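Hi everyone, thanks for coming. I'd like to walk you through one structure today, so please have a look at it on the screen.

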Amino acid sequence: MKICVCVKHVPDSAANIAIKEKNQFDESITFIMNPYDEHAVEAAVRVKKQVGDAEVIAVSVGKEDAVKTLRSALSMGADRAILIKTNIRPDSVITSKALKGAIEQDGKPDIIFTGKESIDNEGLQTMYRLAAALDMSAASNVMAFSLEQERVLVECEMEAGARGVMDMPLPCVIGTSKALNKPSYPTLPDIMRAKKKEVKIIDLENLVFEKPMSRVEILELKPAIEKRSPKELKGRPEDVVTQLIHILCEEGKVL
Amino acid sequence: MEKIGILIEIKEGELKKTNFGVITAARDDSHEIYAFLLDGCGVEFKSQLAYYGVQKIIDISSTDGPLVWNPVSWSMAIIHAMDHFGINTLLGLTSFLGKELLPRIAAYLDAPLVMDCTGVHLTQHTVNKSQFSGKTIATLNVSGGSYIYGIRPNAFEEKPAPCEAEIIPFQTEPENGDLIVKEIKQGASSGIDLSEADIVISGGRGMKNSENFRLLFECADVMGAAVGASRVAVDAKWVPYSMQVGQTGVTVSPKVYIACGISGSVQHFAGMKTSGLIVAVNTDPEANITKNCDYYIVSDLFEIIPILTKQIKEIIGEDHLTGAK
């Protein structure tokens, strides 16, 4: 069985985003594997353990530095990796088409795992685009997963804690939620072994893929302004609460 | 006149209030607003939708009756309806349903999609959305053959614009692809959805354990609020993951956000910073949240919250009495 896991190299959520040249940001900050993708790698490795005869290939679209995220995937148990190298910051349309191109070139997988969203662009769509491009079924926000014969059974998070139980055949694309599993963090020997694993680099310009018909372009980035001026409510607890209720009604326009 | 389609959401037999903000965002003198309803209840909501400026209500069903829930079949139904009525711009909520359907529709149509928009300019094809966990606001330009936008719930204030609405039934064959919906397991959490509530009351490390969340649920009950939590509370298994507000949880934008015993990490703010009012209850006056909120109370939540519940109950009680007279 062939399992692909798509991972993204993203700025650490704690890192400061310094905007430059209107629509760019200073990228000399810490980048990490997109947190939701860690759950995708874990799920892929678990499927490999379950079926035995399987290979896990981690794939990413990004700058050369994204090799670090691919190495993390390798240390978590992926067998080899492919980086589609580009210096642009691609939108979901190009990303999905490039992933399709590289994945098909490598040989079509039985399952593709990826995080349900990325924490940088928060686009919430690449996995669905990839599934449509490869003509596979897709389920996202997956919090439980099982594979039996040629079918996959998933539970997806829905509104207000409800779960949708869905069934689909292989091949398919699975968007992982944080609730799916607990990623096992690699040991030092895992990290050492990962250094010897293959990372194939393909230049986006040299990759054959379908021409995008649509585009999302960043015109401008602005820092989100934090303009709140905190006021302390003081007094006896009963009085503080009375003040608070007054604020909720008058300023909050609720209650 | 450009036709704009809106994916309308219904919950427990009612139109979600957040739909009206989406309709408001789509309205323009040069736009004709089409509302897509998939639950077979177009007639029921005609007057409500017309009050907010919907001119055409497309009541979608299958040839055998209502279209049973399936993400593929619902997405395909919308795609067919867009094609039939010549609509190439679709707006919906960035809710559970929107996150499930809008990307499927965009992927099928190979159309650009921006989710979680906090601003839209339909004729210029530009939108605003927050990126990098709410640290930046991006202005994006989209281009393609058709356009799909997911709007952040509560990002637009609803404004009425009464008009006459016409109901147009539209039938389509269910197309489920290979996806089978076997069952919907109902969740434990009650009524109000976290991402769309007007008031959210959240608990963090200061809650100390699972049982103490009962205080927040009681308070939420009387206020008509939803209960959220910080990552610490979820990781400690005090409450389920579905209640997590923050970067790797739910993003909320209520009118009022009340943070109880939450220190206010960058990741937590990522999920609630666009709230109208932020109120913090924390014993630590130096907690990060007290520096970035509107009001804070330096006190023990175990003292404050029961009093809040009690006082609101008294007020509601009085209202009921006044009503009885």
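I'll start with chain A, move on to where the two chains meet, and finish inside chain B.

Before anything else, please keep in mind that this is a predicted model.

So, chain A. Its secondary structure comes to six helices and 15 strands. If you draw a box around its C-alpha atoms along the principal axes, that box is roughly 70 × 45 × 45 Å. Of the 255 residues in chain A, 50% are buried. And if you take the contacts in chain A with a separation of 6 or more, 70% of them are between residues 24 or more positions apart.

Let me zoom in on a pair of helices there. Helix α2 of chain A covers residues 67-75, and helix α5 of chain A covers residues 188-196. Their axes come within 8 Å and cross at roughly 120°. Angles from 65 to 115 degrees would count as roughly perpendicular and those over 145 as roughly antiparallel, and α2(A) and α5(A) are therefore oblique to each other. The crossing is right-handed. Which residues meet there? On the α2(A) side we have A:R71, A:L74 and A:S75, and they meet A:D190, A:I191 and A:A194 in α5(A). By class, that contact has three nonpolar, one polar and two charged residues.

Now to the place where the chains touch. Here 78 residues of chain B are in contact with 66 residues of chain A. On the chain B side, the largest share comes from strand β9, residues 136-143, with eight residues. The chain B side divides into 38 nonpolar, 24 polar and 16 charged residues.

Strands also pair across the chains. Strand β11 of chain A, residues 163-169, and strand β12 of chain B, residues 180-185, run antiparallel and are joined by five bridges. For an example, find A:V165: its bridge partner in β12(B) is B:E183.

There is a sheet that draws on both chains, too. It is open, has 10 strands with mixed pairing, and runs in the order β14(A)-β9(B)-β8(B)-β7(B)-β10(B)-β6(B)-β1(B)-β4(B)-β5(B)-β11(B). Which strands stand at the edges? They are β14 of chain A and β11 of chain B; each has a single partner strand, so one side of each is left without a neighbour in the sheet. On average, neighbouring strands are turned by 35° against each other, direction ignored.

Within that sheet, β7(B) and β8(B) run antiparallel and are joined by four bridges, and B:V120 stands opposite B:V127 in β8(B). Helix α3 of chain B, residues 71-85, packs on the sheet and touches β1, β4, β5, β6 and β11 of chain B. The direction of α3 makes about 135° with that of β5(B).

Another helix to look at is α1 of chain B, residues 18-26. Eight of its nine residues are buried, among them B:F20, B:V22 and B:I23. What covers them includes β1, β3, β4, β6, β7 and β10 of chain B.

Last stop: B:A259, in strand β15 of chain B. Is B:A259 buried or exposed? It has 31 C-beta neighbours inside 10 Å, so it counts as buried. Leaving out residues up to four places away in sequence, B:A259 touches B:S202, B:G264, B:I278, B:A280 and B:I289. B:G177, on the other hand, is 82 residues from B:A259 in sequence and 43 Å from it in space, C-alpha to C-alpha.

That's my tour, and I'm happy to take questions.

Definitions and conventions: Residues numbered from 1 in each chain as written. Chains lettered and ligands numbered in written order. Predicted model: local features only at pLDDT ≥ 70, side-chain atom pairs only at ≥ 80, totals over all residues. Axes fitted to C-alpha atoms, helices over the stretch in contact; angles between N-to-C directions. Helix = DSSP H or I, 4+ residues; strand = E, 2+ residues; numbered from the N terminus. Parallel < 35°, antiparallel > 145°, perpendicular 65-115°, else oblique. Left-handed = near helix turned anticlockwise from the far one by under 90°. Contact = placed C-beta atoms within 7 Å. Nonpolar A, V, L, I, M, F, W, Y, C, P; charged D, E, K, R; others polar. Pairing = 2+ DSSP bridges. Buried ≥ 20, exposed ≤ 12 C-beta atoms within 10 Å, placed from the backbone.
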